[in-house]
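Biologist: Please put the model up and walk me through it. I will ask as we go.
Modeller: Here it is.

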Amino acid sequence: MSKGKLQKFAEMETFKNVFQHPFSVISDTPFDMKGHWREQYFHNDNPIVLELGCGKGEYTVGLARVYPDINFIGVDIKGARIYTGAKQALEEGLENVAFLRTSIEIIDRFFGENEVQEIWLTFSDPQMKNVHKRLTSTFFMERYRRFLVDGGIVHLKTDSNFLFTYTTYMVDVNHLPVLFRTEDLYGNELTEQGRADNQMDDKTHEILGIHTYYENQWIERGLNIKYMKFRLPAEGALVEPDVEIELDDYRSYKRPKRSGLATSK
Ligand SMILES: C[S@@+](CC[C@H](N)C(=O)[O-])C[C@H]1O[C@@H](n2cnc3c(N)ncnc32)[C@H](O)[C@@H]1O
């Protein structure tokens, strides 16, 4: 590990807004604050919103500035990335922010039933070859149901055609209510005309305009940014969509090709 990273990790140990449990699977230690984030950390009754795969936490911090009466928790396995958002929140005195360093696969160990109102998925890896790791798969939807309120909202902001198409099918086949969907956020919806057409309020405009670290890289390469939000009801069997989706070819940029396939489920 580089010296810079070691310093960040050491400093982060002193941050009151960071909870680190990267090895919870191995140690199988119960998390004391599960079901008690409001009383024990935020000291209020406000709703809780998660950003899963938050990286440097642009959405966690950006949303917290816009909505002081909502609590935001960024989750990522990479400590050096979380450090950026956590430090910024501390410096700005944002009391409605926390970060959890852990693996999203075990996210339900950290939140109790109905403890969370909304989930943001920001530029998640599309996991084109492995649906079980895809954060909008029904496998993850079932996991989110363990702590999300009935009809809680899931937001997906992505550059990936593959992930967006897959999620559209997943939502359709399961009849999940879609609240908003666009394949070109900056080309249409956030323009003055787009705002007027969608009757978009100032806060929605402001939060959809937050750019994350990865988002900026995709914008620089000329890719459309896509966004949708949908509700996840607590009841009802969920089925995986049975469709072949074209892979994002640009994702093999500077990486060895893992297979010759052009599509995947
Ligand atoms: C492509 S980056 C996007 C980061 C940030 N949301 C952004 O837009 O800049 C994906 C992030 O998800 C995190 N991540 C991916 N899979 C994860 C998992 N299973 N558990 C925890 N974090 C994960 C990675 O560490 C990485 O920071």
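## Around the annotated residues

Modeller: Let's start with Asp125, which sits in the loop between strand 5 and helix 6. Keep in mind that this is a predicted model.

Biologist: Is Asp125 buried or exposed?

Modeller: In between. Asp125 has 15 other C-beta atoms within 10 Å, so it is partly exposed; the buried class begins at 20.

Biologist: Which residues does the UniProt "binding site" annotation cover?

Modeller: According to the UniProt record, an unreviewed entry, the annotation covers Asp125 together with Glu51 and Asp76. They gather at one spot, because no two of their C-alpha atoms are more than 13.8 Å apart although they span 75 residues in sequence.

Biologist: Where is Glu51, then?

Modeller: Glu51 is part of strand 2, residues 48–52. Glu51 counts as buried because it has 27 C-beta neighbours inside 10 Å.

Biologist: And what does Glu51 touch, not counting residues up to four places away in sequence?

Modeller: Its contacts include Gly57, Tyr59 and Thr60, and also Phe72, Gly74 and Val75. Trp120 and Thr122 are on that list of Glu51 contacts as well.

Biologist: Let's move to the ligand. Which residues come nearest?

Modeller: There are 18 residues around the ligand, and Gly53, Gly55, Phe123, Thr212 and Tyr214 come nearest.

Biologist: Which element gives the most to the shell around the ligand?

Modeller: Helix 11, residues 213–220, with three residues.

Biologist: How many of the shell residues are nonpolar, polar or charged?

Modeller: An even split: six nonpolar, six polar and six charged.

Biologist: Now the strands. How buried or exposed is strand 4?

Modeller: Strand 4 runs over residues 97–101, and five of its five residues are buried. In a regular strand, side chains alternate between the two faces of the sheet. On one side of strand 4 are Val97, Phe99 and Arg101, on the other Ala98 and Leu100, and both faces are covered.

Biologist: How many bridges join strand 3 to strand 4?

Modeller: Five, between strands that run parallel; strand 3 is residues 71–76. One pairing to look at is Phe72, whose bridge partner in strand 4 is Val97. To get from strand 3 to strand 4 the chain goes through helix 5, residues 79–91, in a right-handed β-α-β crossover.

Biologist: In what sense do strand 1 and strand 4 pair?

Modeller: Parallel, over three bridges. Gln20, which belongs to strand 1 (residues 18–20), stands opposite Arg101 in strand 4.

Biologist: How exposed is Gln20?

Modeller: Gln20 is partly exposed, because it has 16 C-beta neighbours inside 10 Å. Apart from neighbours within four places in sequence, Gln20 is in contact with Gly79 and Arg101.

Biologist: How far apart are Gln20 and Val75 in space?

Modeller: From C-alpha to C-alpha, 9.9 Å, with their positions 55 residues apart in sequence.

Biologist: Back to strand 5. In what sense does strand 5 pair with strand 6?

Modeller: They are parallel, with six bridges between strand 5 (residues 116–122) and strand 6 (residues 148–158). Leu121 is opposite Leu156 of strand 6. Helix 6, residues 138–145, completes a right-handed β-α-β unit with strand 5 and strand 6.

Biologist: And in what sense do strand 6 and strand 8 pair?

Modeller: That pairing is antiparallel, over seven bridges, and strand 8 covers residues 226–232. There Gly152 faces Leu232 in strand 8.

Biologist: Last topic, the backbone. Which residue in the loop between strand 5 and helix 6 has a positive phi?

Modeller: Gln127, with phi near 45°. Most residues other than glycine have a negative phi. Gln127 is in that loop between strand 5 and helix 6, and it is partly exposed because 18 other C-beta atoms lie within 10 Å.

Biologist: What about Gln199, and what is its phi?

Modeller: Phi of Gln199 is positive too, about 50°, and Gln199 is not a glycine. Gln199 belongs to the loop between helix 9 (192–198) and helix 10 (202–208).

Biologist: Is Gln199 buried or exposed?

Modeller: Exposed, because Gln199 has 7 other C-beta atoms within 10 Å, and the exposed class takes 12 or fewer.

Methods. Residues numbered from 1 in each chain as written. Predicted model: local features only at pLDDT ≥ 70, side-chain atom pairs only at ≥ 80, totals over all residues. Near = placed C-beta within 6 Å. Helix = DSSP H or I, 4+ residues; strand = E, 2+ residues; numbered from the N terminus. Nonpolar A, V, L, I, M, F, W, Y, C, P; charged D, E, K, R; others polar. Pairing = 2+ DSSP bridges. Right-handed = clockwise from strand over helix to strand, strands pointing away. Contact = placed C-beta atoms within 7 Å. UniProt positions renumbered as here; feature names shortened; annotations may be inferred.
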